Amino acid sequence: MNLKIGVIKGDGIGPEVVTEAMKVLDKVGEVYGHTYSYEQLLMGGASIDVHGVPITDEMIETAKSCEAILMGSIGGDAKTSPWYKLEPSKRPEAGLLKIRKALNLFANLRPAVLYDELKGACPLKEELTEGGFDMMIMRELTGGLYFGERKTEEIDGLMTACDSLTYNEEEIRRIAIRGFDIAMKRNKKVTSVDKANVLDSSRLWRKVVEEVSKDYPEVTLEHMLVDNCAMQLVKNPKQFDVILTENMFGDILSDEASMVTGSIGMLASASLNETKFGLYEPSGGSAPDIAGKGIANPIATILSAAMMLRFSFDLDREASVIEAAVEKVLEEGYRTIDIMSEGKTLVGTSEMGDLIAGHII
Ligand code: NAD
């Protein structure tokens, strides 16, 4: 199979970690008979330096012609980088918002996996996480409170602010379908999170999710109120498979879930639209404090590449092989500085990439 992949190396540690993910993909290609056509795309600070804007229209068109995008992170140090002297619409992060919008990336996926090998980094009591956990937070990304109408005005002499939380049934249906599809590739359980005891938008959410679930008889659906979910994530995280939720709840719950896994250098993410197209990137930022030192953890980006194979190309076997290779390297005791602990072997970015690629057989 030939895979046409757009590559945004980005800023800071972006180029370092993306290089390692490509190394692993190339090894997968060698072993399983796939070839890649990579399109290098400029975005963020790297694009500002060349074109004066964080992404060009031409770059967006090229991105659209790809089947998936693998990305490092963008941005720099807001205090020292000249990129942050530009007006907000010209700064690095504006490129990301523009590409998300242009490609209609409405479904955000953030896996939260606790590897048994890294359980020391988990702030929860050991008896709660024995054996690790593996959940996928699926967050609606383009609707809800963050995109609704807002205003601040004086009413009866008091400053009053209003933000509206709006979803229509189609917006709910398309993310619910994505959530159930993903559950079918995992442990076939969806926990839909809402606040249906209070909010109309949540009651519609629940109704539409129920309707969609009828097309997925193999998937168990449960509903959970968001406040309860926030508690359950720290009380019994092993109960979850796919958590399906709207924009603001997902924003908060995905950060909570990632916190209980330990290091930011391990967290992959994906943003998908209605087709197989997706943008795959580590959850962390461009880490300007460690850029160029060869010490960044490339695992989040390598796991993002695995997600790309699974969700954009349906190469589930190859994705599982990458995930197993990551686990094997952790089991062997190799660690980058962010996940280092006593008695383990410290390696740099490129060595970690070599070790993981070495287990793709
Ligand atoms: P950050 O995630 O870049 O860094 C936070 C801390 O985590 C730092 O100490 C960093 O060294 C560490 N870290 C992050 N990734 C790591 C890795 N792979 N290996 C080892 N350590 C790692 O967050 P920040 O410092 O708040 O942001 C830096 C820049 O990144 C900003 O310009 C911000 O806007 C941008 N950013 C971009 C994205 C994106 O591209 N999607 C996301 C978040 C932040």
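**Why these labels? Strands, burial and a surface patch**

User: How do you know that β8 and β9 are paired strands?

Analyst: In this predicted model, β8 and strand β9 (residues 220-225) run parallel and are joined by six bridges. Two strands pair if there are at least two bridges between them, so six bridges qualify β8 and β9 as a pair. Within this pairing, Ser192 has His223 of β9 as its bridge partner.

User: What makes β8 and β10 a pair?

Analyst: Four bridges link β8 to strand β10 (residues 242-245), again in the parallel sense. The cut-off is at least two bridges, so β8 and β10 pair as well. Here Thr191 stands opposite Ile243 of β10.

User: What makes β8 "mostly covered"?

Analyst: Five of the six residues in β8 are buried, and buried means under 20% relative accessible area.

User: Why is the unit made by β8, α7 and β9 called right-handed?

Analyst: β8, α7 and β9 form a right-handed β-α-β unit. The name applies because, with the strands pointing away from the viewer, the path from the first strand over the helix to the second runs clockwise.

User: Why is Leu204 called partly exposed?

Analyst: Leu204 has a relative accessible area of 27%. Buried means under 20% and exposed means over 50%, so Leu204 at 27% counts as partly exposed. Leu204 lies in helix α7 (residues 200-213). Beyond its neighbours within four places in sequence, Leu204 contacts Tyr167, Asn168, Glu169 and Ile172.

User: Why is Lys188 called partly exposed, and what stands out in its backbone?

Analyst: The relative accessibility of Lys188 is 28%, which is neither under 20% nor over 50%, so Lys188 is partly exposed. Lys188 sits in the loop between α6 (169-184) and β8 (189-194). Its phi is near 60 degrees, a positive value in a residue other than glycine. Most residues other than glycine have a negative phi. Ala287 also has a positive phi, near 40 degrees, and is located in the loop between β12 (278-282) and α10.

User: How do you know that Met340 can belong to a surface patch?

Analyst: Met340 has 33% relative accessibility and counts as partly exposed. Patch residues need over 30% relative accessible area, so 33% passes that cut-off. Met340 forms a nonpolar patch with Ile337 and Leu346, and together they have about 260 Å² of accessible area. Met340 itself is in the loop between β13 (334-335) and β14 (345-346).

User: Which elements do the buried residues of α12 pack against?

Analyst: They pack against α1 (14-32), α10 (299-311), α11 (316-331) and β13. The buried residues in helix α12 (residues 349-358) include Met352, Leu355 and Ile356.

Terms used
Residues numbered from 1 in each chain as written. Predicted model: local features only at pLDDT ≥ 70, side-chain atom pairs only at ≥ 80, totals over all residues. Heavy atoms only, no water. Patch = residues over 30% accessible without salt bridge, like charges linked within 9 Å, V, L, I, M, F, W, Y side chains within 5 Å. Areas by Shrake-Rupley, 256 points an atom, 1.4 Å probe, with all protein chains shown as cover. Salt bridge = Lys/Arg side-chain N within 4 Å of Asp/Glu carboxyl O. Buried < 20%, exposed > 50% of the residue type's maximum accessible area, 1.4 Å probe, protein only. Contact = heavy atoms within 4.5 Å.
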